[in-house]
Structure formats: C-alpha cells, structure tokens
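Colleague: I would love a close look at a single part of this model. Could you walk me through it once we have it in view?

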Amino acid sequence: MSRHTQTRGLGGMLVRRDNPEYEDLRRSAVWNGLTPARFPDVIVRPATTADVVEAVRLARSQGLRIALRSGGHSWCGSPLRDGGMLIDLSGLRACTVDPASATATVQPGTTGRELSSELGRHGLAFPTGHCGSVAVGGYLLSGGLGWNSGARGPACADVEEIEAVTADGESVTCSDREHPDLFWAARGAGPGFFAVVTSFRLRLYPRPGAITSTTWNLPLADVAEVTHWATGVASELPPDVELSFCLASADPGTDASPKVVNVTGTAFASSRQEADEFLEPLRYCPLAERALSRQLDEPTAFETLYEGAASAWPPEHRYAADTLWSDSGFPTLLERLADALDAAPSSRSLVLAPVSPAGRPTQDMAFSVLGNSYVVPYAVWDDPRQDAANIGWLRDAMRAVEPLGTGHYIAEADLTAAPSRARRSFAPDDWTRLQSLKAQYDPDGVFRSYLSPDEATP
Ligand SMILES: Cc1cc2nc3c(=O)[nH]c(=O)nc-3n(C[C@H](O)[C@H](O)[C@H](O)COP(=O)(O)OP(=O)(O)OC[C@H]3O[C@@H](n4cnc5c(N)ncnc54)[C@H](O)[C@@H]3O)c2cc1C
C-alpha cells in the first residue's frame, strides 16, 4: 500500500504534525493540565475496530511505533511519546448491557460515569474509578481500584473477555480459554500492555440499594491518633465499606488554610438499614471532641461520589502523582506524609490512603496487591511557574516513605521518576512473565512500553 492510499483509507481520522488541528489534539490527549513536551508524528482517531486494525498495519508498514490513549487520564502522560503514531481510542465508546447474564461489553473510551449511568438503568453496578471521567481503557488494563473494589477486588478481576488488535494487526478474542496469556497480561500490565484493547466484557453485580457515608474531619496534627483509631475500626467493618484517609487543606486553593485528616467510610449495601449497620463501628470516635466536623450515615449515590472526587481532582489543573504499597502501618506512613503535606507549595495538594483498596484478589493475573497499606500523594497546582516546585515536592514526599515501600501501583505511579517504577509495580515473577510475553506478542517492539525517566521530558 502506498502512503497516500493508506491515509485515504483512514479518512479524516489521521492528523500529521504539520496539520493545524494537531496541537489541540495532542494537548487534549492528556487530561492533566501539565502536558508533556512530547510530539507524536501522527495522531489517528479510529471509529471502529476495523480502523484500529488498519492503523496498526499502517504504522507497521511505515515503521512508526505505536502509543495508545483511551481517556488520557495517565498522570504522567504515557500516551504522548516523541515520534511514531498515537492511536486515540476515545471514539470507541459503545457500551452494551446484557441484564440476563449480568454482563456488559464496553469499548475503551467509555468513562466510568457513562458506564455507571448505563448500568443504573438495569439495576447493575461495576467498580468504576473514583473520578467519573476516567475511561475504562487504561483503568481496567492497570487493575482498576474503584468504588467498592475492597469487596469486589480490582475491577480487572471482573473482566471476562477482551477483544484486542495485536502487533501484527490481527483482531483476537482473549479469555481464560483463548490467548489466556494475553488475557492474563491485560489484567494489570497497564501502560506497558502490548496490544490494543478494543472492547472488554465485564461481569456486573447488583446495584447497591443504598450507599451512605460517614466522615470524620480532624486536625492534621492528630494524624497518628486518628489513623490508629480508624485502622483498628477497619477490622470491624464489612468489606462493603470502603474506608479511606485523606490528608488535605481544609479549604483547598486558600494558602493559609489549615491542614486536616479526613476518615471516610462509604457503605454499599442492599438497604439503608443495612448501610447504617455497616457503618456502626465508625459512629463513635474517641477523638470526637477534637473533630472539626463530622457527617454520620449520610445518604449518597454514585453520581454524588463522582462529584466529590471531581472537586478534589478538578480538571484544568496541573498534576503529578505517585503511589506506594507498604507493609508499614498507616500511622507511620501518614505521619511522614503529613509532615510532607505541611511543606507543600500548593494548598490543593493532597494524600489519599485507601484501606484495603483491592481486597485480596484470588485470580491469576498481572495485577497483584503488593503490600498491606497503600498511599497516593498528589501534587495539584495551577501556575506553570510552579511546576518544578510541585514536582519537587512530590518527589520529596515519596522519599519520606519510599524506604518503607514494597511496590507501586502502575495506574498512578510516576513513571517519570527515577528509578523507574514499572518493574516494582509487579511481583518479580509476574514482571519476568510480562517481559517474555511482550517478546512473544510484540517481538519488534511496535507498541511503546512503560514510559521511562529518560524519555520523560516534562
Ligand atoms: C482524575 C483521575 C482519577 C483517577 N482515579 C483512579 C481510581 O480511582 N482508581 C484507579 O485505579 N486509577 C485511577 N486513576 C488512574 C487511571 O486509572 C489511569 O491513569 C488509567 O490509565 C486511565 O485510563 P485512560 O484510558 O484514561 O488512560 P490513558 O491515559 O488514555 O492511557 C494510559 C495508557 O494505558 C494504555 N492504554 C490505554 N488504553 C488502551 C487500550 N485500549 N489498549 C491498550 N493500551 C491502552 C496505553 O499504554 C496508555 O498510554 C485516575 C486518574 C485520574 C487522572
């Protein structure tokens, strides 16, 4: 095929670097306001699986390496690489629900909010990401620690089958029976996966009849006592209560705002009464007289949960994030991170620490839980002149806890940091298996692998 014929085959879906549309498309490929200065040669926006096949074959024939994007929520901008082809899958967003089998077939550009709203019409649910704007593509490939994942396990554990276009441009079905090793990798490999997923078949569960939440808001200075109390209470809570700590400014965006620690339990139950019973152990806090505010058994809904997350991680801001699994307890980890937060140059920065964010998954897949505790510091700011200070803050915060680390979570790990987080985001045997599957399925390295610090121009 000549270059001209190939371009015409993909119609107006292909945009080269000299096209006036290019820069807007490149910038919008990343949700983070901190857009990396990395420039693909060509951006292709397929509308169908057949287009994806054609794009992969075109890239191969022109010697272009391929990067992929579904919703652009990679904090470190993994879809943007220098040179090669970016295939933007955001146009693939069909979502079909089969209530009889309690399954859904979902294309990668579908957001969690779109999926949840569609499932709501059928009385069904799925552990979508906490922010409704996160697309299922990169989320499911990375594991997916979403709403009620403590009970359900990581979202990828509920993937039954995928359709994927391989490096040789073939569309294949992968499940426990067909291409089981590619299916194994698709549940956890995240931004190093070596095929283009064009759809996922998901196992669903009944929509909770009631969702309620209890929140205690205390001064950050009390973080050690608060975490001692709440981690003790955690063992009394059923798995359907998602418990998390959040260290943040009381009034994000206001410089002199005092810092606080929030403890929130969100119950996913069949009825209001059951939800209240689930949250009972959180009703009495020994530090209650120091609490700045509290909300007990507050009825909520998935849509409200997405709104809450969107206010903590607002769009059009600049972000840097990193993750750490650890076997140290939350009191130790969060005391160190509270000290770090006190020194944050931006009052929007925060630290999230979900307790048991993935439960104890039993499936054999590339994702695994790598520690008993999990923390995620986020630098959040809006002034480009403060980029270096905020990225530096994140690195300092990580340095305070990294000696206690047992690994990272690939979905939100800062792959631009040295040493590379990719290898330490997997159990050692799983990492070895991923390398050998990559060599088997993509021997010519058509698909970009994990972003590494040496290609991470900010
Ligand atoms: C505001 C916000 C909230 C978040 N909340 C959560 C959360 O609650 N839980 C959680 O687990 N994570 C969360 N994340 C992290 C998120 O899951 C990852 O960034 C994930 O990669 C986002 O999916 P995406 O499709 O938008 O990724 P993109 O940025 O589009 O893609 C990231 C990488 O994934 C790979 N990829 C994407 N789509 C495909 C595909 N179809 N086929 C093959 N490879 C593909 C590519 O390598 C790509 O470079 C959050 C991120 C943000 C920005």
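Which residues of α12 are buried?

Modeller: Happy to take you through this helix; do keep in mind that the model is predicted. The buried residues of α12 are Asn 390, Ile 391, Trp 393, Leu 394, Ala 397, Met 398 and Val 401. Looking down the helix axis, you will find these buried residues within an arc of 150°, so they line one face of α12. An α-helix has 3.6 residues a turn, so residues three or four places apart point the same way. On the face turned away from the buried side, α12 carries Ala 388 and Arg 399, which are exposed.

The length of the helix can be checked too. Helix α12 runs over residues 387-401, and at 1.5 Å a residue its 15 residues should span 21 Å; the end C-alpha atoms lie 22 Å apart, so the two values agree.

What lies over the buried side? The cover on the buried residues of α12 includes one helix, α11 (330-342), together with the strands β16 (318-321), β17 (324-326), β19 (373-381) and β20 (405-407).

Two of those covering strands lead on to backbone details that deserve a look. Take β20 to begin with: the loop between β20 and α13 (428-441) holds Pro 419. The peptide bond from Ala 418 to Pro 419 is cis, and its omega is near -5°.

Then there is β19. In the loop between β18 (350-355) and β19 you will find Ser 356. This serine has a positive phi, near 55°, in a residue other than glycine. Ser 356 counts as buried because it has 20 C-beta neighbours inside 10 Å, and 20 or more is what the buried class requires. You can set Asp 297 beside it: this residue is not a glycine, yet its phi is positive at about 50°. Asp 297 sits within a strand, β15 (residues 293-300). With 19 C-beta neighbours inside 10 Å, Asp 297 counts as partly exposed.

For a view beyond the helix, turn to the open sheet of four strands, whose order is β1-β2-β4-β3 and whose pairing is mixed. At its edges are β1 (14-16) and β3 (66-69), each pairing on one side only. From one strand to the next, the twist averages 20°. Strand β3 also takes part in the shell around the ligand, where β3, α5 (136-142) and β10 (196-203) each supply at least two residues.

Key
Residues are numbered from 1 along each chain as its sequence is written. This is a predicted model: local features need pLDDT of at least 70, side-chain atom pairs count only at pLDDT 80 or more; totals for chains, interfaces and linings use all residues. The expected span of a helix is 1.5 Å times one less than its number of residues. A residue is buried if 20 or more other C-beta atoms lie within 10 Å of its own, exposed if 12 or fewer, and partly exposed in between; C-beta atoms are placed from the backbone. The arc is that of the directions from the helix axis to the C-beta atoms. Two residues are in contact if their C-beta atoms, placed from the backbone, lie within 7 Å. Two strands pair if DSSP finds at least two bridges between them. Axes are lines fitted to C-alpha atoms, for helices over the stretch in contact, and angles run from 0 to 180 degrees between N-to-C directions.
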